[in-house]
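Student: I'd like a close look at one strand and its surroundings. Could you take me through it in one go?

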Amino acid sequence: MPDEKVPVIMVRDLKKIYKIGVNRVHALDGISFDVYKGEFLAIVGTSGSGKSTCLNMLAGLEHPTSGTISILGKRIDKMNEHELVGFRRKHVGFIFQSYNLIASMNAEENVAMPLVFRGTPKDQRVAAAHKYMKLIGILDQAKHMPGQMSGGQQQRVGIARALVIDPDIIFADEPTGNLDSGTTAEVLALMRKIVTEQHKTLIMVTHDSSIAAAADRQIRIVDGRITEIIEAGRHSDEDK
Amino acid sequence: MRPQDLITLAIRNLLRRKTRTVLTVLGVVIGTASIVIMMSLGLGMSRSMVELYKSFGSLTTVTVYSYGSEDSTKELTDETIAGFGRIPHVTGTSPVLNVDVQAKCGSAEGYLQLYGVTQDYLKQIELGSGTLPKPDQPELELIFGNMASRMFYKTNASGRFRADDTEEVTIDPVTDTIFYTFPEGSQTGSGSGNAAGSQQGKANAKKYMLQTVGMVKGSAEEYNEFSWGVYCDIDSLKTFLKKIYKKNLVPYPKTNKKGKPLSYYVYNEAYVFVDDMENVSAVQTRINDMGFQANSNMQWLEQSQQTMGMVQAVLGGIGAVSLLVAAIGIVNTMMMSIYERTREIGIMKVLGCDMNDIRNLFLVESGAIGFIGGAVGLALSWAVSFAINRLATGAGQAIIGMPSSDGISYIPMWLAGFAIVFAIAIGTIAGYIPAKRAMSLSPLAAIRNE
């Protein structure tokens, strides 16, 4: 639980409206919340609730229809695509549900890939990749190709890849969605370790309340609105 | 992204789909090779043509004619020729003082053309041996054409050529003693002894022994423009002829209205030497404007080159069509590749890969296809060019009628360089639209769960 109340992310009255034919679908209908440094936040909701849209906008993958998002004091809703890519390169790690490793690269190269985009020389890249793979406990698989690894192992590579740029914020989109329950527990423990030991801010999207319970705080979204904010140990309803 | 990482990644991506890459490269190989081979044929023909014209005579020489002009201002005299020398870009001039002489060497006899020309002219002659005649000498020194000794035939006792004789006469003009008989000349004026000479007949005409100081380069079979003549310094020749013909100056002088021989030299032909092939036409036009007939090999060459330029354009166009097809192949391959890699490109964007890097990655991939295709295509062109030249050396000469010692296909270095650069450019241009499309792909595709 964060003691220092420094908001890393500030979301105010965020709306996203999709036009499907003549219909206007309110995917997000005015949500506001803060995320603090070193916090493990879960955004929970059923399929179609708007939780993924919310994460996409926080990561700068989609533009909001209205509302503001400030991350590290920067208004990312006003950035163009070039700036957003640059922002992610500097500050953001991303963990995907289906791991999204590049099939033609071995584990080590996959982990080091974000550093390639930064223009880091090869020896430094390999050193950084090894450091985080050791932390995650997959250094022995450095030369394995994604196809030779289990789902759990691939997701660990994905986590190491998110960590390798030493990001301020890590986004995780259903990180355990493709894993069995045993592996899910391991991955959740790993993410908790990252937050506690590496002092990262982690925002995870999930549909599963039991998984969301691993977080410091849960924001429940139903039909594009926040219905409930659950802090670990405490419980508060928010009727808007 | 560092350039070396970009290139490594591009090459890895190409190697991931080997078959398709090889097929696309093959298209570029065929396209490049067809352009290069087509152009090499055009260039080879054009080069053979220049050489052919060069063998007819220097390409920087303008020949001026004046045969039997009634107008004395249009006569080719030393004075008018000096006027040609003042035209811009003219490096030298030479009148031609032409005398038919009979030459006798042992039992062989022949009729030769003796040309008195200036040092400007003599300098153009490539010597096989010996030296050039020195200017304005009291004695005549000759340069023998490399084929001129073939003018000699064996004669029988009565001085007639033996028509049935097939025996080869070999004369070395430098070492063998040759006697020359000059023509009697016309009976105009009061040249002393001319009447007597005429009565005595040719047999008793005075024989002169002249020194040959040099030979034109080449064997007796290799033709060039100096092969058949015998050349000497014009001032030496004038001095020499004055001794024979006195006031007539030359054997058959032009006469004035009173029937007296002219007191100055009138020539039928003169040569004007120009500094560069580029300026020949301009100089020739100036001489024509001065009222003289002039022509040059350059004039014919230029006409032929215009035709040749069209032939080259057509050949190059045919080649270009196949490279265009190859370019479409590249576009197709890159488009396919983008659809296959939509997810991967999305992941790269989510992980912070700069959009320009994504575009450059695709440009490098398509450029690499162009480069590899161009390089292999060029190698193939050299091989085909070599084969064409090998096969066509004999046949080409017979059909095209050109000296093809250098072959009919010719790939100069600039063409090789051009081919590679052009192939890379085609690859990059063909990759541009796909690259732009890849750059603007949505990163959302990557995180969409299957």
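Student: Which residue in β11(B) does B:V64 stand opposite?

Tutor: That's B:A270, which faces B:V64 from β11(B). Before we go on, this is a predicted model, so local features are taken only at pLDDT of at least 70 and side-chain atom pairs only at 80 or more, while totals for chains, interfaces and linings use all residues. Residues count from 1 along each chain as its sequence is written, and chains are lettered from A, with ligands numbered from 1, in the order in which they are written.

Now the strand itself. In chain B, β11 covers residues 269-274 (strands are DSSP E runs of at least two residues, helices H or I runs of at least four, numbered from the N terminus). It's mostly covered, with 5 of its 6 residues buried (20 or more other C-beta atoms within 10 Å of a residue's own, against 12 or fewer for exposed and in between for partly exposed, with C-beta atoms placed from the backbone).

Look at what sits beside it. Strand β1 of chain B, residues 61-65, runs antiparallel to β11(B), joined by 5 bridges. Strand β2 of chain B, residues 90-105, also pairs with β11(B) in the antiparallel sense, over 6 bridges (pairing takes at least two DSSP bridges between strands). B:A270 turns up here again: B:P95 in β2(B) stands opposite this residue of β11(B). So if you click on B:A270, look for B:V64 and B:P95.

Back along chain B there's a helix worth a look, α2, at residues 18-56. α2(B) has 39 residues and reaches 55 Å from its first C-alpha to its last. Right after α2(B) comes B:G57, with a positive phi near 155°.

That helix also takes us to chain A. The largest nonpolar core has 118 residues, and A:I43, A:A160, A:V164, A:F171 and A:I203 touch the most other members (a core is a set of buried Ala, Val, Leu, Ile, Met, Phe, Trp, Tyr and Cys joined through C-beta atoms within 7 Å). α2(B) gives the most to this core, with 13 residues. Apart from that core lies another, of 52 residues, with B:F84, B:F144, B:F226 and B:I287 among them.

As for chain A as a whole, 7 helices and 11 strands make it up. Its C-alpha trace spans about 50 × 40 × 40 Å along the principal axes, and 46% of the 240 residues of chain A count as buried.

How values were computed:
The expected span of a helix is 1.5 Å times one less than its number of residues.
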